[in-house]
Amino acid sequence: MNTKEAIEWTEEQLNLLCQNYQIETNEQLAQRLGISTRTLRRKAKKLGLVKREPVTKTKQIEDLVREMYPNHSLKEIAAQANISWRTVRRMANQMELTRTPEEESRMRSRIRTSLIKSERRRITFGLEQRTNMKLVCNLERIQLRSKLKGYGYIVFKGNNTIYYPSELKRHPVREEHARKVGIKFAPWCPPAVI
């Protein structure tokens, strides 16, 4: 059977083709219609449809960069467009896009706030930080850990358990405060030497 005659075009498909041929890529439109791009091109030619300006992936990315540039960082735009941030910077320079000082300030503030929240969550769960930011997640707990370390308790970074050697003069009041903020205590058992 001849494949050219195998597809029966409905009125709805023809309307969709005519309305969107100028603004969508052939691949997108063919996918929406459930046909191959070759069939789409053949039918468009038969109907006399011509794209004035080719709709390309680059054009779509340029539109995305233009839309997101005022409120998003280069890395955020790059992740959304699936390209490198250097390419985003180059495209923004070519299009002569700029940000106002207020837009720049809002964007930086939003990114910093998001980064701080992420780092605080990591600290809370005892994970290593990904940045060198100085963060105080729970000031009272940090101060208590520091004081207890000064009294001779054994404190490990990223561990919520503080150890006390058997010869240490313990401080029950400090320990009670520490327990209230989630710190646990255990006797110190030095590792066996072989």
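Which residues of helix H3 (residues 37-47) are buried? They are Thr-39, Leu-40, Lys-43 and Ala-44. The model is a predicted one. The points below cover this helix, the largest pocket and a three-stranded sheet.

**Helix H3**
- Viewed down the axis of H3, the buried residues lie within an arc of 130 degrees, so they line one face of the helix.
- These buried residues pack against two helices, H1 (11-20) and H2 (26-33).
- Arg-38, Lys-45 and Lys-46, on the other side of H3, are exposed.
- After H3 comes Gly-48, which has a positive phi, near 80 degrees.

**Largest pocket**
- The volume of the largest pocket is about 670 Å³.
- The pocket is lined by 24 residues, and those closest to its centre are Ile-123, Ile-142, Arg-145, Lys-157 and Gly-158.
- By character, the lining consists of nine nonpolar, nine polar and six charged residues.
- Helix H8 (residues 139-150) contributes the most to this lining, with five residues.

**Sheet**
- An open sheet is built from three strands in the order E1-E2-E3, with mixed pairing.
- Strands E1 (154-155) and E3 (184-187) are at the edges and have a single partner strand each, so one side of each lacks a neighbour in the sheet.
- E1 pairs with strand E2 (residues 161-164) in the antiparallel sense, over two bridges.
- Val-155 has Ile-162 as its bridge partner in E2.

Terms used. Residues are numbered from 1 along each chain as its sequence is written. This is a predicted model: local features need pLDDT of at least 70, side-chain atom pairs count only at pLDDT 80 or more; totals for chains, interfaces and linings use all residues. Side-chain values use heavy atoms; hydrogens and water are left out. Buried means under 20% relative accessible area, exposed over 50%, partly exposed in between (1.4 Å probe, protein chains only). Helices (H or I, at least four residues) and strands (E, at least two) are DSSP runs, numbered from the N terminus. The arc is that of the directions from the helix axis to the C-beta atoms. Contact means heavy atoms within 4.5 Å. On a 1 Å grid over the protein atoms alone, a cavity is a set of points where a 1.4 Å probe fits but cannot get out, and a pocket is an open set with protein on both sides within 12 Å along at least five of seven lines; lining residues have an atom within 4 Å of a point. Grid points are joined across faces, edges and corners, and a volume is the space filled by probe spheres set on the points. Ala, Val, Leu, Ile, Met, Phe, Trp, Tyr, Cys and Pro count as nonpolar, Asp, Glu, Lys and Arg as charged, and the others, Gly among them, as polar. Two strands pair if DSSP finds at least two bridges between them.
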